[in-house]
Amino acid sequence: MNLEHEQQKKAVRKAVDNRLATIEGHIKAIRKMLEDDKDCIDLITQLMAVERSVRSASMAILNNHLDTCVKEAVENGDVSEVEEMHKLLEMFL
């Protein structure tokens, strides 16, 4: 993997880690809401926000993988990464 890809990977990792820390805090707040018997609609709204955040983190990792690992593999004639992406996309969708 070249230096540019490695730097991109580190930046994505940091951004995803920050997002996961936010999600973790959000989950704790939702648990507190549940404990405090907050309104169901408010709980569902917050849970949906967490789902969107998790999906966003997944997309960031997926896009980075496409831009680095898959691209590099294809450039080197290795199509196994493309096959892996098909499997991953099936799970994702």
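## Close-up views of a three-helix chain

Of the 93 residues in the protein chain, 18% are buried. The legends below walk through a predicted model, beginning with the whole chain and moving on to single residues.

**Figure 1. The whole chain, with 3 helices and 0 strands.** Let us start with the overall layout: read along the sequence, the pattern is α-α-α. The radius of gyration is 18 Å, well over the 12 Å that the globule rule gives for 93 residues, so the chain is more spread out than a compact globule. Along the principal axes, the C-alpha trace spans about 55 × 30 × 15 Å. The chain exposes about 7,100 Å², and carbon and sulfur atoms supply 56% of that area. Among contacts with a separation of 6 or more, 56% join residues 24 or more positions apart.

**Figure 2. Confidence along the chain, whose mean pLDDT is 92.** If you plan to work with these coordinates, here is how the predictor rates them. A pLDDT of 70 or more is reached by 99% of the residues. Of the elements, helix 1 (residues 3-35) has the highest mean pLDDT, at 94. Helix 3 (residues 80-92) has the lowest, with a mean of 87.

**Figure 3. The largest nonpolar core, made up of 5 residues.** Its members are Ile23, Ile30, Met33, Leu43 and Val50. Two elements, helix 1 and helix 2 (40-75), each give two or more residues to this core. Helix 1 is the one that gives the most, with 3 residues. Zooming in on one member, Ile23 is in contact with Val50, Ser53 and Val54, once neighbours within four places in sequence are left aside.

**Figure 4. Ser53, a buried residue of helix 2.** This view follows the contacts of Ile23 to one of its partners, Ser53. The relative accessible area of Ser53 is 18%, and because the cut-off for buried is under 20%, Ser53 falls on the buried side. Not counting residues up to four places away in sequence, Ser53 touches Arg19 and Ile23.

**Figure 5. Thr68, another view within helix 2.** Is Thr68 buried or exposed? Its relative accessibility is 2%, so Thr68 counts as buried. With residues up to four places away in sequence set aside, Thr68 touches His5 and Gln8.

**Figure 6. Asp37, in the loop between helix 1 and helix 2.** Here is a backbone detail for anyone who checks torsions first. Asp37 has a positive phi of about 60 degrees, although this residue is not a glycine. How much of Asp37 is accessible? The relative accessibility is 66%, which is over the 50% cut-off, so Asp37 counts as exposed.

**Figure 7. Cys40 and Cys69, in a structure that holds 0 disulfides.** The last view turns to two cysteines. Cys40 has a relative accessibility of 56% and therefore counts as exposed. For Cys69 the value is 25%, so this residue counts as partly exposed, a class that lies between the buried cut-off of 20% and the exposed cut-off of 50%.

How values were computed:
Residues are numbered from 1 along each chain as its sequence is written. This is a predicted model: local features need pLDDT of at least 70, side-chain atom pairs count only at pLDDT 80 or more; totals for chains, interfaces and linings use all residues. Side-chain values use heavy atoms; hydrogens and water are left out. pLDDT is the predictor's confidence in each residue, from 0 to 100. Helices (H or I, at least four residues) and strands (E, at least two) are DSSP runs, numbered from the N terminus. A nonpolar core is a set of buried Ala, Val, Leu, Ile, Met, Phe, Trp, Tyr and Cys residues joined through side-chain atoms within 4.5 Å. Buried means under 20% relative accessible area, exposed over 50%, partly exposed in between (1.4 Å probe, protein chains only). Contact means heavy atoms within 4.5 Å. A disulfide is a pair of cysteine sulfur atoms within 2.5 Å. The radius of gyration is taken over C-alpha atoms; the globule rule is 2.2 Å times the number of residues to the power 0.38. Accessible areas come from the Shrake-Rupley method with a 1.4 Å probe; for residues, only the protein chains shown count as cover.
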